[in-house]
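Got your viewer open and your mouse ready? Let's take a walk through this model, one selection at a time.

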Amino acid sequence: MSEITDAKIKEENPEIRKTSGRSNNALDRLITFAAVIVLFIFFSIVAPNFFTIRNVLSLALQTSAVTMMGIGVTFAIITGGIDLSIGSVVALTGTVAVMVAIAGVPIWLSMLIGIITGVVTGLLNGLMVTRLKLPPFIATLGMMMVARGVALTITNANAYPAPQGFGGLGNNTIFETGPKFPGISYPVIIMIVVALVFSFFLSKTRTGRYTYAVGSNEEAARLSGIDIKQVKVIAYIISGMLAGLVGVILASRMITSQPNSAVGYELNAIAASVIGGTSLMGGVGTVLGAVIGSFIIGILTVGLTMAGANYFMQQIVIGLVVIGAVTLDQYRSRI
Amino acid sequence: MENFATDMEVRNSLPAQEVILEVENVSKSFPGVKALDNVSFDLRKGEVHALVGENGAGKSTLMKILSGVYQADTGTIRYKGKEVFFRDVTQAHEAGIGIIYQELNLIPHLSVAANIFIGREPTTRFGTLDEKKMNTDAVDILNRLNLHLDPTIKLNRLPVSKQQMVEIAKALSVNSEVLIMDEPTSALSESEIDELFAVIHTLRDRGVAIIYISHRLEELRHIVDRISILRDGHSVSTDDFSAISSFEIVSRMVGRKIEAIFPPKQNVPTTEKLLEVRNILRAGILHDISFDLYRGEILGIAGLMGAGRSELGRAIFGADPIDSGDVIMNGRKLSLKSPSDAIKVGIAYLSENRKEEGLAIKMRLAENITMANVREISKRFGVVSRDQEMEAAQKYVKDLNIKTPSLLQVVNNLSGGNQQKVVVAKWLFCDSKILIFDEPTRGIDVGTKYAIYELIGTLARQGRGIIMISSDLPEILGLTDRLLVLHEGSLAATLITANTTPPEILNYAAGVVTSIKGDTDMSDQKLTQVKGQP
């Protein structure tokens, strides 16, 4: 009974295919991806300087922060939660890293301490959600305020310049070949690595699988023996850790501690995740989706600026895109 | 069916009482089911009329037609002498037919008065809420029920029984002349039931006609004037309550003979104990329950709604905490603190609510099958092997004949029967030795039921132990070797299926007979009887 080969299954049950179920999803993915291409073409026409190597590289650099935050928050959202604290955590971790470096700690270690600070905030969020049983919205809203407050307190709301060498991570590039190709910035490389690692983690590992299971049906997951508390804590830790990474990168790019930076970034990251197909109801979402969503926002921002639209106009367009993307998603899931 | 036709004619009616509601030859079909077939029924002013029948007899459908939720396909309803047709709930409500559902339909954060008048709030001439009038009117209505409640108190501050009174007050606030109560006592304690009965008496004396639906036969005699029995969508009889015995009621309720909807028996229980459950206690829910499960046996758990059937299953699985008691498997005492403990030793629980508790409906078929044992396919560094997953999924799709276009189909798109099979596959993939099926065929069509029954038989034949919780009596009788009957959280009886009858089971379940019959140990003699079953 157990020796059923693939061929046999197909023979007796010709309609069973391994991949057809994905096609729907793949099509969805394709549509979102096509949107990116269409935007590129559109802005290339309306803004002649848009599609240049220099501009594309700078777009990637600008988008990297929200992309990584979007990847992190996607984990929290898939479990059925949310993480509103990441914007403030970016500011906190950046200032912590700079302040520690100013105190004389080696650059690499101070950066690591910054990232660990992000991990700690994520852990606290996770514990508040699973142990204190707070709604994720409330727990992370509280953390958002606390993290910002701590960042402002330790810097006394000042921007302190970081020591020599702190700016390397955010400002250096590789593959530089002269003025024609200014090289790829480190943050872009980091973003690509982060996307690959967490995409693998979410789609290929046991914990990744559990993340979906918990968000899709918490009770079913519990009755299947899954430790749902652990899964949720891990999701918030990932969210906090990536916010910490972004915080360190941003502080490095500015070579100062900026306790007032990244205000509202959490909403951009959530928007990116949602545009990329993550469901706020939980159980649905991908890392690639968050990346694409973030790039849609990035392209719109840069493209509209270059096409001469002002900041207020950009806000309107991005807002409409979020609404449109989710409406489309609802419509698709109904059929 | 013919022998009951005489009963229909023998309605020895009380001295001329005005008939307020008359249902004549009402039929109602749903896709694949004829829920009501020429049902007739009449209700008199100032009477309490019980409506009883097994699950699926058509009680709720009939009530939903009377209250305007459904519309009859054929037949007529006369209300106060005039033919009526309620298109929706509001029409029935305005005509004076109120219904109190089993689940309370109240808003916990609003006041008593606000709940009574919800949707019909009195307003002042400025268009704002007239709280004063609402509160005084609420007091009037509550007084009519001999209830002295503060109308401004928030509903969630009241015990369930009082909340139910508020529900009744809400129905009366529109001057209901007919009140339908669906299992009104299911959530009440003894003393609260007395309170409810006092209110019912008050209403009856004021001329309100009450249709009272209940499974608890023993409580009917305190309040009921007449009783109508439904079975399989047909009206069986209507009698004065005093003229009919409890045993007669039960036998009419289950009178149907079991059709050949069960596969031939496949499993032979052994004498090898697989599971020993000893003195399980969970305060207020399970009282000191002990039983054994043998290798290859299908053990049924019967009982009425709220008897603790699912709770017992969940307790053995570690899904609900217990206060005391032991579960022993292969001679070893188990620590069942969470489902993962139970899964590790090979116990599976197939939930009554497949969608809510059994499946991650947004996830794929293969992912659901491996969900409880992802470890098995992610042995290298926790990385899930798609190939191994597909292999496992293919095996079970084949073995259980799951009909799906793809192994990666999202389970939400599968039919109910196939979803059930996916849940079974999930637990087979964990190599479960004991499978607890909770209402395995609820919401599944007859054809697929047969397949599920066959599957359960096969699983038992392979030497697994099966516990089958079901409110479908024929199903329990058709499949199990032995059965436990629960009554209000206690073990009322342990019966050998081949030697029992539906009335006997229902008598234990309804608490009509309370002495414990049988024991938890299977003596050799009884075992031979089981083996001798076809």
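Start by selecting residues 107-130 and 136-155 of chain A: these are helix H5 and helix H6, whose axes come within 9 Å and cross at roughly 145°. Keep in mind as you look around that this is a predicted model. Two packed helices are described by the angle between their axes and the distance between the axes. The crossing of H5(A) and H6(A) is right-handed.

Now show the side chains where the two meet. On the H5(A) side, pick A:Thr121, A:Leu124, A:Asn125, A:Met128 and A:Val129; across from them, in H6(A), are A:Pro136, A:Ala139, A:Thr140, A:Met143 and A:Ala147. Try colouring by residue class: you should find 7 nonpolar and 3 polar residues in this contact, and no charged ones.

**Next stop: another pair of helices**

Select residues 265-275 of chain A for helix H12, and add H13(A): how far apart are their axes, and at what angle do they pack? The axes are 7 Å apart, and the angle is about 115°. This crossing of H12(A) and H13(A) is right-handed.

For the details, light up A:Asn268, A:Ala271, A:Ala272, A:Ser273, A:Val274 and A:Ile275 in H12(A). They meet A:Ala290, A:Gly293, A:Ser294, A:Ile296 and A:Ile297 of H13(A). By class, the contact between H12(A) and H13(A) has 7 nonpolar and 4 polar residues, with no charged ones.

**Along H13 to A:Met306**

Stay with helix H13, which covers residues 287-306 of chain A, and click on A:Met306. Is A:Met306 buried, exposed or partly exposed? A:Met306 counts as partly exposed, because there are 15 C-beta neighbours inside 10 Å, and a residue needs 20 or more to be buried.

Leaving out residues up to four places away in sequence, A:Met306 touches A:Phe43, A:Ala47, A:Asn49 and A:Phe50. Now add A:Ile53 and draw a distance line between the two C-alpha atoms: A:Met306 and A:Ile53 are 253 residues apart along the chain, and their C-alpha atoms are separated by 15 Å.

**A loop with an unusual angle**

Go to the loop between H11 and H12 of chain A and select A:Ile255. Check its backbone: phi is near 50°, a positive value in a residue other than glycine. Most residues other than glycine have a negative phi, and most peptide bonds are trans. A:Ile255 has 19 C-beta neighbours inside 10 Å, so this residue counts as partly exposed.

Jump over to chain B for another case. B:Glu439 is in the loop between strand S17 (434-438) and helix H16 (446-461). Here phi is near 45°, again positive in a residue other than glycine. B:Glu439 is buried, because 21 other C-beta atoms lie within 10 Å.

**Into the core**

Which residues have the most contacts inside the largest nonpolar core? They are A:Met69, B:Ile456, B:Met468 and B:Val485, in a core of 243 residues. Helix H11 (residues 228-254) of chain A gives the most to this core, with 16 residues.

Zoom in on A:Met69. Apart from residues up to four places away in sequence, A:Met69 touches A:Ile86, A:Leu242, A:Ala243, A:Val246, A:Tyr265 and A:Ala269.

**Where the chains meet**

Colour the two chains separately and find where they touch: 31 residues of chain A and 37 residues of chain B take part in the contact. On the chain A side, the elements that give two or more residues are helix H1 (6-12), helix H2 (20-46), helix H9 (206-216) and helix H10 (218-223). H9(A) provides the largest share of that side, 6 residues. By class, the chain A side divides into 10 nonpolar, 11 polar and 10 charged residues.

**Zoom out**

Finish with each chain in full. Chain A has 14 helices and 2 strands, and its C-alpha atoms fill a box of roughly 70 × 55 × 35 Å along the principal axes. A compact globule of 335 residues would have a radius of gyration near 20 Å, and chain A agrees with its 21 Å. Buried residues make up 48% of chain A.

Switch to chain B and you'll find 19 helices and 20 strands. Of its 534 residues, 48% are buried. Among the contacts in chain B with a separation of 6 or more, 70% are between residues 24 or more positions apart.

Terms used: Residues are numbered from 1 along each chain as its sequence is written. Chains are lettered from A and ligands numbered from 1 in the order in which they are written. This is a predicted model: local features need pLDDT of at least 70, side-chain atom pairs count only at pLDDT 80 or more; totals for chains, interfaces and linings use all residues. Two residues are in contact if their C-beta atoms, placed from the backbone, lie within 7 Å. Helices (H or I, at least four residues) and strands (E, at least two) are DSSP runs, numbered from the N terminus. Ala, Val, Leu, Ile, Met, Phe, Trp, Tyr, Cys and Pro count as nonpolar, Asp, Glu, Lys and Arg as charged, and the others, Gly among them, as polar. A nonpolar core is a set of buried Ala, Val, Leu, Ile, Met, Phe, Trp, Tyr and Cys residues joined through C-beta atoms within 7 Å. A residue is buried if 20 or more other C-beta atoms lie within 10 Å of its own, exposed if 12 or fewer, and partly exposed in between; C-beta atoms are placed from the backbone. The radius of gyration is taken over C-alpha atoms; the globule rule is 2.2 Å times the number of residues to the power 0.38. Axes are lines fitted to C-alpha atoms, for helices over the stretch in contact, and angles run from 0 to 180 degrees between N-to-C directions. A crossing is left-handed if the near helix is turned anticlockwise from the far one by less than a right angle, and right-handed if clockwise.
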